[in-house]
Structure formats: C-alpha cells, structure tokens
Amino acid sequence: MLDKAKSLLEEIPNLSAKTAEEAEALRIKYLGKKGEITALFSSFKEVANEDKKEFGKILNILKNQATEKIKELKEGAANQKASGEKPDLTRPVFPQLGSRHPVSIVKNEIIEIFSYLGFSISEGPEIEDDWHNFTALNFPEEHPARDMQDTFFLDEEHALRTHTSSVQVRVMESEKPPIRTISPGRVYRNEAISARSHCVFHQIEGLYIDEGVSFADLKQTLLYFAKEFFGKTKIRLRPSYFPFTEPSAEMDVYWGLENEIDYRITKGTGWLEVLGCGMVDPNVLENAKIDSEKYTGFAFGMGIERIAMQRFGINDIRTLFENDLRFLNQFQSTL
C-alpha cells in the first residue's frame, strides 16, 4: 500500500483533462467514495505500526495534491470553453433583477413569525386520499365539501387537496406529541374564478398538540402573530364551525378605517377577518392514534392570497396568477 501511494504521488502531477467532464471523471476516480486515494485512507489501519507515520504523511500530501490538480484542470477547462464562445451582443449591459412573488413574500414572513414560537415546517402531497383530506378530519359522509361543486375529485378515492390540514393528519400519524408545526402549500377548490376567488390558492395552517394546551394558548399565539405581522393591533374571536375543531372561531384583526375610503376591506367596521381556528376535535386526535384524554391541541389556518391582497392593495386575485411582468416588477424592492 505504501508503494501504491508513492506511485500515485508520481502519477497525479501528469493528469490532464480537456473538458470539465473529464476533470470530474478524474475526481471520481481518485477522490470519490470508491476512488483510489479514498481506498488508501480506508486501508490505513492495515499498515504496520512502524510505517503508519510515513504512510499517513504521504496520504495527506497525495490528497492535497490531487485536489489542487483537479481544481486546476476544471478551471482550465472552464476558461478554455469561455474563450471559445462568442459574446452575445444582444444581452443588456445591466441584467434585469428578478423579484419575489407577493404570495411568497407574505408566506415567508408568516413562516418566520411562527418559527420564533418553535413551529417547524411540514409539507405533504397535493393529491390526497379520502382519509387524509376528509375522514380523518371528522368530515361526515354527507358534508358538502365532498360534493363535486367544491372538490376536484380525480377518482372515488383521490382528489386535489382542499386544505393543508391533510398534512397535519400525516404529521400526527407519524410523530408523537408534543407537535408544533405549520403547513404551507397550494390547495384547490372547485370554485368560479372571479376578482375575489380562485380555484387554486395558498394556505398556511398551524397545529400544536401537547398536554394541557388550552384555548388561552391559542389566543395568545394568534395575538402574537397579529402584532408581529400587522403591527400594533388587537384581535377578536367570533364563534364559528369547522368539522375538525371544537370549539371553533374566526379571528379578526382591527384594520381601522383611516385608509378605507370606500369601505371595501372591512365594510365600514374596521375589523378584518384573517383566519379560522379552534381546539382540535378529540375525534381527530383519536383518528391519528393520539390519546385525547391525555393530549389537547389547537389548529388554525389562513389564506395567503387574501392577506397579500390586503398588504399590497391588490384588487383582483387573478393578477397573482397571470405572470404579468408589469405587475410582478412592482415588487422588486420588496423584501
């Protein structure tokens, strides 16, 4: 093995490559997981004790030499390729910078706020089965959401998910409490497309399950979010109904009337509906094999497009999906 190492030490300086692909092939041959130099490192323990010092020194020199040589070959191949290319005289002198989509801007800000509270991010498939999208979430057989007018069914058992609550079911099935996660993603509803609604939109839903979780914890979590996202504000919770939470509520934030000239946003009340929430129904916990006698939890969900429209003064939701650069370029200076 010592002779093999000395042989490679003489071989490496003479390596050559005309292209980046050839240089990468040499890297794999000598430094890859099954490369010749890597194999020598693996066999170090088999070397006699009196030879280990010399063998180790040669191996380190060999690895550094091979790394530098292959880097040199890659740079040479790249420079040779660049020098052979003709310049594109039609390219603009100053390339146009891109920008984040308004939905992405709002989504990232919401994720960051909840990350401060220890919420992790969970994702799941957009094509869901009946169990995860409906049954496990306590939707009865006769619930109108199962009707074709609300859901894009692909067959009798599968549909495009109507909410990211299906991701929460998968998390509850695969993890043990405590669970603290948010699920951002695209969802689908079989709705008529208009200025205020679309058949595809984005949601962020949150879930927290642990021992002793109460409605007070839910309210404080949402109040923290509202103040971080909307600034100095207050919230109110109105009783509502969702199959998967009990009790359930709609959360409003105080938007104010100062900038609401035509009362389109809050209809003259000053309050803006932002999200739905509630305590996780015990049936949902039991469906996920979580002991509802020991654990409680809360859940909430909000539509990102609606918040983005209010944040940036967008009047028509359809502009968010039309890929019109004249519209998107307005957000270049937005973080």
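The following exercises, each with a worked solution, deal with a predicted model.

**Exercise 1. Decide whether Ile-307 is buried or exposed, and find which residues it touches.**

Solution. Begin with the place of Ile-307 in the fold, which is helix H10. Next, take its relative accessible area, which is 2%; because buried means under 20%, Ile-307 counts as buried. Then turn to its surroundings: leaving out residues up to four places away in sequence, Ile-307 touches Val-106, Ile-110, Phe-229, Val-274 and Met-302. Finally, consider Val-103, which lies 204 residues from Ile-307 along the chain, while the C-alpha atoms of the two are separated by 8.7 Å.

**Exercise 2. Describe the largest nonpolar core and state which element gives the most to it.**

Solution. The largest nonpolar core has 40 residues, and those with the most contacts inside it are Ile-110, Leu-275, Phe-300 and Met-302. Several elements each supply at least two residues of this core, including H5, helix H8 (215–230), strand S8 (271–280) and helix H11 (325–328). H5 gives the most to this core, with 7 residues. For a closer view, take Phe-300, which, apart from neighbours within four places in sequence, is in contact with residues including Phe-114, Phe-119, Ile-182, Leu-222 and Leu-275. Apart from this core lies another, of 21 residues, among them Leu-137, Val-171, Met-172 and Ala-299.

**Exercise 3. Work out how many residues of helix H7 are buried, and what they pack against.**

Solution. Helix H7 covers residues 165–174, and 7 of its 10 residues are buried, so that by the cut-off of under 20% relative accessible area the helix is mostly covered. The buried residues are Ser-165, Ser-166, Val-167, Gln-168, Val-169, Val-171 and Met-172. These pack against strands S2 (127–129), S4, S5 (200–210) and S9 (296–303), and against helices H6 (130–133) and H9 (282–287).

**Exercise 4. Characterise the lining of the second largest pocket by element and by residue class.**

Solution. The second largest pocket has a volume of about 250 Å³. Of the 17 residues that line this pocket, Val-103, Lys-107, Gly-185, Arg-186 and His-202 are the closest to its centre. Helix H5 (102–115), strand S4 (179–188) and helix H10 (304–312) each supply at least two lining residues, and H5 gives the most, with 4 residues. By class, the lining divides into 7 nonpolar, 5 polar and 5 charged residues.

**Exercise 5. Establish how strands S6 and S7 run and how many bridges join them.**

Solution. Strand S6 (residues 235–242) and strand S7 (residues 245–254) run antiparallel and are joined by 7 bridges. Phe-242 stands opposite Thr-245 in S7, and the two strands form a hairpin with 2 residues between them.

Key: Residues numbered from 1 in each chain as written. Predicted model: local features only at pLDDT ≥ 70, side-chain atom pairs only at ≥ 80, totals over all residues. Heavy atoms only, no water. 1 Å grid on protein atoms, 1.4 Å probe; cavity = no way out; pocket = protein on both sides within 12 Å on 5 of 7 lines; lining within 4 Å. Points joined across faces, edges and corners; volume = space filled by probe spheres on them. Nonpolar A, V, L, I, M, F, W, Y, C, P; charged D, E, K, R; others polar. Buried < 20%, exposed > 50% of the residue type's maximum accessible area, 1.4 Å probe, protein only. Contact = heavy atoms within 4.5 Å. Pairing = 2+ DSSP bridges. Core = buried A, V, L, I, M, F, W, Y, C linked by side-chain atoms within 4.5 Å.
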